[in-house]
Amino acid sequence: QVQLVESGGGLVQAGDSLRLSCAGSGPRVSVYIMGWFRQAPGKERVFLGAIDLNGNIQYGDSVQGRFTISRKDAMANLEMKNVSPEDTAVYYCAALEVGTWSREVDYVYWGQGTQVTVSS
């Protein structure tokens, strides 16, 4: 069973930078594509980006160049720059073996999420 644990969330101020991490564990976890999603209050979960073990990355349309995804083995990171209150959400890490990287339903394992709150 693959497990994913996010960390790095918290309360930050607008304009700050923040790095979230996702630690994966379990059998063959390194071969999974690791994706990042977020869900703001009252809204649907949105794809932010995903990365495979070779470093290939796909970003979601909402990222607009402010987010950077990286990965080393089973640890994936999401770096966020110049955050704004609109970035307030629960951020999730997920693992995909086969499927469409941007499609939420194709991800088979999910972390518990980490809350990011941006004050103005």
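**Exercise: burial of Phe 37**

Decide whether Phe 37 is buried or exposed from its relative accessibility.

Solution. Take the value for Phe 37: 1%. Compare it with the cut-offs (buried under 20% relative accessible area, exposed over 50%, partly exposed in between; 1.4 Å probe, protein chains only). Phe 37 therefore counts as buried.

The model is predicted, so local features need pLDDT of at least 70 and side-chain atom pairs pLDDT 80 or more, while totals for chains, interfaces and linings use all residues. Residues are numbered from 1 along each chain as its sequence is written, and side-chain values use heavy atoms, without hydrogens and water.

**Exercise: the rings around Trp 110**

State how many aromatic pairs the structure holds, then classify the pair of Phe 37 and Trp 110.

Solution. Count first: there are six aromatic pairs (Phe, Tyr or six-membered Trp rings with centres within 6.5 Å). Next, take Phe 37 and Trp 110: their centres are 5.0 Å apart and their planes meet at 50°. That pair is tilted (under 30 degrees is stacked, over 60 edge-to-face, the rest tilted). Now place the partners. Phe 37 is in strand β4 (residues 33-39), and Trp 110 is in strand β10 (residues 109-110), 73 residues apart. Strands here are DSSP runs (E, at least two residues), numbered from the N terminus. Check the burial of Trp 110: at 27%, this residue is partly exposed.

Turn to Tyr 92 and Trp 110: they form an edge-to-face pair, at 6.2 Å and 80°. Tyr 92 belongs to strand β9, 18 residues from Trp 110 in β10. With 14% relative accessibility, Tyr 92 is buried. Finally, zoom out: ring pairs join Phe 37, Phe 47, Tyr 92, Tyr 107 and Trp 110 into a cluster.

**Exercise: a charge over two rings**

Find how far Arg 45 is from the ring centres of Tyr 92 and Trp 110.

Solution. Apply the test (NZ of Lys or CZ of Arg within 6 Å of the ring centre and within 35 degrees of the ring normal). For Tyr 92, the charged end of Arg 45 sits 4.6 Å from the centre. For Trp 110, Arg 45 lies over the face at 4.0 Å.

**Exercise: the setting of Asp 87**

Locate Asp 87 and name its side-chain polar partner.

Solution. Asp 87 is in the loop between β8 (75-80) and β9 (89-96). Its relative accessible area is 1%, so Asp 87 is buried. Its side chain makes a polar contact with the side chain of Arg 38, at 2.8 Å.

Notes. Helices (H or I, at least four residues) and strands (E, at least two) are DSSP runs, numbered from the N terminus. A polar contact is a pair of N or O atoms within 3.5 Å; within protein, one must be able to donate a hydrogen and the other to accept it, and residues adjacent in sequence count only if both atoms are side-chain atoms.
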